[in-house]
Amino acid sequence: MVMKIKTIVMLITASRVVGAFSLLLLVPLSGIFYLVYAWCIASDILDGYIARKTRTTSNFGAFLDSAADLNLIAILLVIFLPLLNWDLWMLVLVGIVIFTRAVALSIGFVKYRTLTLLHTYANKGAGLVLASFPILYGLSGLAITISILFTAAFLSAFEELIITIRSKTLDRNITSMLA
């Protein structure tokens with residue numbers, strides 16, 4: 001039974017990867033784009049919920065979930081970077097987050113010989129804020145949206161960096177640096 005649940009959770013996670021790649025084939029911000037995007041976000045919530053509720057979480061599952069999230073974020077950047085009218089300061093903020101995350105991943109890879117990709121509350125919160133990008137953008141414009149996204153993404157990336165530097169062993173399911 002546990003293997004069946006783990007398989008279902010992995011299939012949900014894999015569907016997010018397929019959904020993210022399919023966004024590249026769709027017209028940005030079209031109805032079908034929003035539907036596929038909504039599934040990607042729902043699958044992110046659903047796979048973790050099922051795994052936690054059934055107590056079938058694992059480091060491998062946490063790694064796959066985080067990798068699927070990074071894949072979705074990278075694809076959204078590919079779609080939206082050329083589409084929107086970015087000011088230089090906005091691109092600098094995006095670069096700071098990418099750099100901080102890359103440093104954390106590099107340190108983790110050197111320490112543990114694997115990509116760390118932690119499941120902290122801050123990462124989940126940043127993911128939720130990022131998921132709301134189309135809504136925030138529609139309501140408040142690009143400058144305010146980027147400011148909100150940067151704050152959430154930088155705090156989560158910085159926390160992951162601190163955890164990675166300070167931790168003696170890899171625990172992908174760590175909830176925060178205060179845990």
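Met-10 has its place in helix α1, where helices (H or I, at least four residues) are DSSP runs numbered from the N terminus. This is a predicted model, in which local features need pLDDT of at least 70 and side-chain atom pairs count only at pLDDT 80 or more, while totals for chains, interfaces and linings use all residues. Residues are numbered from 1 along each chain as its sequence is written, and side-chain values use heavy atoms, with hydrogens and water left out.

With a relative accessibility of 25%, Met-10 counts as partly exposed, a class that lies between buried, under 20% relative accessible area, and exposed, over 50% (1.4 Å probe, protein chains only). Leaving aside residues up to four places away in sequence, Met-10 touches Phe-60, Gly-61 and Leu-64, where contact means heavy atoms within 4.5 Å. Met-10 and Ser-66 are 56 residues apart along the chain, and their C-alpha atoms are separated by 12 Å.

Following the chain onward, the reader comes to Leu-29, which is found in the loop between α1 and α2. Leu-29 has a positive phi of about 65° although it is not a glycine, and its relative accessible area of 32% makes it partly exposed.

The next helix to consider is α4, whose 25 residues should span 36 Å at 1.5 Å a residue, and whose end C-alpha atoms are indeed 36 Å apart, in agreement with that value; the expected span of a helix is 1.5 Å times one less than its number of residues. Which residues of α4 are buried? They are Met-90, Leu-93, Val-94, Val-97, Thr-100, Arg-101, Ala-104, Leu-105, Gly-108 and Tyr-112, and these buried residues pack against α3, α5 and α6. An α-helix has 3.6 residues a turn, so residues three or four places apart point the same way.

Two residues of α4 can be set side by side. Phe-99, placed in helix α4, counts as exposed at 59% relative accessibility, whereas Arg-101, also placed in helix α4, counts as buried at 16%. Phe-99 and Phe-154 are 55 residues apart in sequence and 9.9 Å apart in space, taken from C-alpha to C-alpha. Arg-101 touches Asn-123, Ala-153, Ser-156, Ala-157 and Glu-160, again not counting residues up to four places away in sequence, and its C-alpha atom is separated by 11 Å from that of Thr-164, which is 63 residues away along the chain.

Just after α4, Arg-113 takes a positive phi of about 60°. Leu-117, found in the loop between α4 and α5, has a positive phi of about 45° although it is not a glycine, and at 5% relative accessibility Leu-117 counts as buried.

Helix α6 covers residues 133–166, and although a straight helix of 34 residues would span 50 Å at 1.5 Å a residue, α6 spans only 32 Å between its end C-alpha atoms. Where does α6 bend? The bend is at Gly-141, by about 125°, the bend at a residue being the angle between axes fitted to the seven residues ending there and the seven starting there.

The helices also line pockets. On a 1 Å grid over the protein atoms alone, a pocket is an open set of points where a 1.4 Å probe fits, with protein on both sides within 12 Å along at least five of seven lines, and lining residues have an atom within 4 Å of a point. The largest pocket holds about 1200 Å³ of space, a volume being the space filled by probe spheres set on the points. Its lining consists of 45 residues, of which Asp-69, Ile-73, Ala-126, Gly-127 and Leu-130 lie nearest the centre. The elements that give two or more residues to this lining are α2 (31–53), α3 (59–83), α4 (88–112), α5 (121–131) and α6, and the largest share, eleven residues, comes from α3. By class, the lining of the largest pocket has 32 nonpolar, six polar and seven charged residues, where Ala, Val, Leu, Ile, Met, Phe, Trp, Tyr, Cys and Pro count as nonpolar, Asp, Glu, Lys and Arg as charged, and the others, Gly among them, as polar.

The second largest pocket has a volume of about 350 Å³. It is lined by 19 residues, of which Gly-48, Arg-52, Thr-57, His-119 and Asn-173 lie nearest its centre.
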